[in-house]
Amino acid sequence: MRSHAGTPPSRRRFLAMSAGGAVAGAAALSGCALQVSSAVGGSGETVTLMVKPEDISPELIKQAQKDTGIRIVTVQQDITKLIAMLTNGNPPDLVRAVGAVDAAYFAARDVMEELDPYFARSSVLKVDDLDPVNDLWRYDGRTQGKGPRYGMAKDFSQDSMYWYNTSAFDKAGVDHPSETEPVTYEEWLERAKRIVQRKNGQTTVFGGSYSGLTRATLLATMTASAGGSLFNDDFSRVDFTTPEARKALAWYIDFCRAKVGPSLIQPDPNGWDGPTYQAGRMAMSNAGYWLGGMINADKKLAPVSRLAPAPVFEGGPRISACQGGTGLWMPRKARNKDAAWRVFEWFFGEAPAKARASSGWGIPTLKSLRPLMPAQEAYQRQELRVQEAELKHFSVISFTPYTTADAFDALFNQIAPAAMNGGISVDTLAGRLNSSLNEQLKRGKEQVG
């Protein structure tokens, strides 16, 4: 539903946002000047970005002004501040968000500028050069992945793919996964059980990590891999009791109960997979290609690390989704749209984008930049072979516009530990999740109108 022209969206439409917020995650960016666009926007103008500090460094801000003539001012990403700025009619010019879970949410609340006219006239960002992952930033009023474009991802991974340490596999006498044929989720968990190491009742080496970027995106993706959808047709309800959703939920609870990897009942002391995998205390990590930026910088770890295809459920489709797709969007009430688009072009298609592509921290979202992906070493070429084959299996897994991933996860994290500890059955968990999450989605739908 559109707001009346010139009228800021009401604060009521954003009540759910303050509880949920935007999803975190992005690597630090750096780059150098390489090309100049003929697009509008230019000298002396100022563009305000609401981002995280690691998204754009002070050095890169200086480079932006040198390359474009536009001054960048940053505002710390904060959902409460964003709501206030949007409702007061004075929003930032560009806002950081995660395409997989935020695009439909903001688009449904009618605060995002449609960017198709800008793409149509751009000499830098051409629609036929956009990787399909950018469809995460499309929404037609009902379904994510279709309709107008509202943003763009800076880079991405197919986040159900996983890295594995060949040394850990060899030590446990476990065969290496195939580069081309995916294992089943059951086979993945069986390998993790064989590789995990424990001492005095404590896990010293995790057999594998498989928790996704959020539980919301993990379970939505796994349900799709089982051949179903976590949400109903209009995304206003979840149903964990369908055969496909229950299969996904049961596998994840089995994974947590087995204590072969980090979970709510067995947290990783490091807080995320990177340091644990790097220390040799994790045999598998479903972090996708993105983690290669860290792995390839470690000359001892890189030669023994391999990237493998996303697992499948037996009988289900082969799906390899992106659970992130972090990027930027432009508010409809932004005051400096032409200058903001010039910065958008520069960030996504010029020096910063080329630097990101060559760093190995994610797949570039312009197909023309793929030749810049690291391929100097044999292990990097192995990663690229697997990754390039996996791109054929990408698909957009639509997320509901009626809640945030953080709000979804907050409820899941309250309810699920009882099942992870064996206190309740998976069927009981499914019913409790349905009850709590559907009440949350109902409120969100009422707020959107």
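In this tour a residue is called buried if its relative accessible area is under 20%, exposed if over 50%, and partly exposed in between, with a 1.4 Å probe and protein chains only. The structure is a predicted model, in which local features need pLDDT of at least 70 and side-chain atom pairs count only at pLDDT 80 or more, while totals for chains, interfaces and linings use all residues. Residues are numbered from 1 along each chain as its sequence is written, and side-chain values use heavy atoms, with hydrogens and water left out.

**Stop 1: Lys 52**

Select Lys 52 to begin. At 18% relative accessibility, Lys 52 counts as buried. The residue is placed in the loop between strand S1 (46-51) and helix H2 (58-68). Helices (H or I, at least four residues) and strands (E, at least two) are DSSP runs, numbered from the N terminus. Now add Asp 78 to the selection: Lys 52 and Asp 78 lie 26 residues apart in sequence, and their C-alpha atoms are 9.0 Å apart in space.

**Stop 2: the sheet**

Next, display the strands. In which order do the 5 strands of the open sheet lie? The order is S2-S1-S3-S13-S6, and the pairing is mixed. The edges are strand S2 (71-76) and strand S6 (151-153), each of which pairs on one side only. On average, neighbouring strands of this sheet are turned by 25° against each other, direction ignored. Two strands pair if DSSP finds at least two bridges between them. Strands of a sheet pair through backbone hydrogen bonds, either parallel or antiparallel.

Select S1 together with strand S3 (residues 94-98). These strands run parallel and are joined by 2 bridges. Leu 49 has Leu 94 in S3 as its bridge partner. Then add helix H4 (residues 99-108), which packs on the sheet and touches S3 and strand S13 (326-329). The direction of H4 makes about 125° with that of S3. Contact means heavy atoms within 4.5 Å; axes are lines fitted to C-alpha atoms, for helices over the stretch in contact, and angles run from 0 to 180 degrees between N-to-C directions.

**Stop 3: the loop after H4**

Follow the chain into the loop between H4 and helix H5 (116-121), where Leu 115 is placed. Asp 110 is found in the loop between H4 and H5 as well. Select Asp 110: its phi is near 60°, a positive value in a residue other than glycine. Most residues other than glycine have a negative phi, and most peptide bonds are trans. Asp 110 is buried, with a relative accessible area of 5%.

Now select Leu 115, which is buried with a relative accessible area of 0%. Which residues does Leu 115 touch, not counting residues up to four places away in sequence? They are Arg 149, Tyr 150, Gly 151, Met 330, Trp 341 and Phe 344. Leu 115 and Trp 341 are 226 residues apart along the chain, and their C-alpha atoms are separated by 9.0 Å.

**Stop 4: helix H12**

Trp 341 leads to the next selection, helix H12 (residues 337-349). H12 has 13 residues and reaches 17 Å from its first C-alpha to its last, close to the 18 Å expected at 1.5 Å a residue. The expected span of a helix is 1.5 Å times one less than its number of residues. Because 11 of the 13 residues of H12 are buried, the helix is largely enclosed by the rest of the structure. Among the buried residues are Trp 341, Phe 344 and Trp 346.

**Stop 5: helix H8 and its surroundings**

Select helix H8 (residues 215-225) and helix H15 (residues 405-415), which pack at an angle of about 90° with their axes 8 Å apart. H8 is therefore roughly perpendicular to H15, a description used for angles of 65 to 115 degrees, whereas those under 35 count as roughly parallel, those over 145 as roughly antiparallel and the rest as oblique. Arg 215, Ala 216 and Leu 219 in H8 meet Ala 405, Phe 408, Asp 409, Phe 412 and Asn 413 in H15.

H8 is mostly covered, with 11 of its 11 residues buried. The elements covering the buried residues of H8 include H4, helix H7 (185-195), helix H9 (243-258) and H15. Within H8, select Ser 225, which counts as buried at 1% relative accessibility. Leaving aside neighbours within four places in sequence, Ser 225 is in contact with Tyr 185, Phe 313, Gly 316, Pro 317 and Ile 319.

**Stop 6: beyond H8**

After H8 comes Gly 227, whose phi is positive, near 100°. Finally, select Phe 235 in the loop between H8 and H9. Phe 235 has a positive phi of about 65° although it is not a glycine, and it is buried, with a relative accessible area of 7%.
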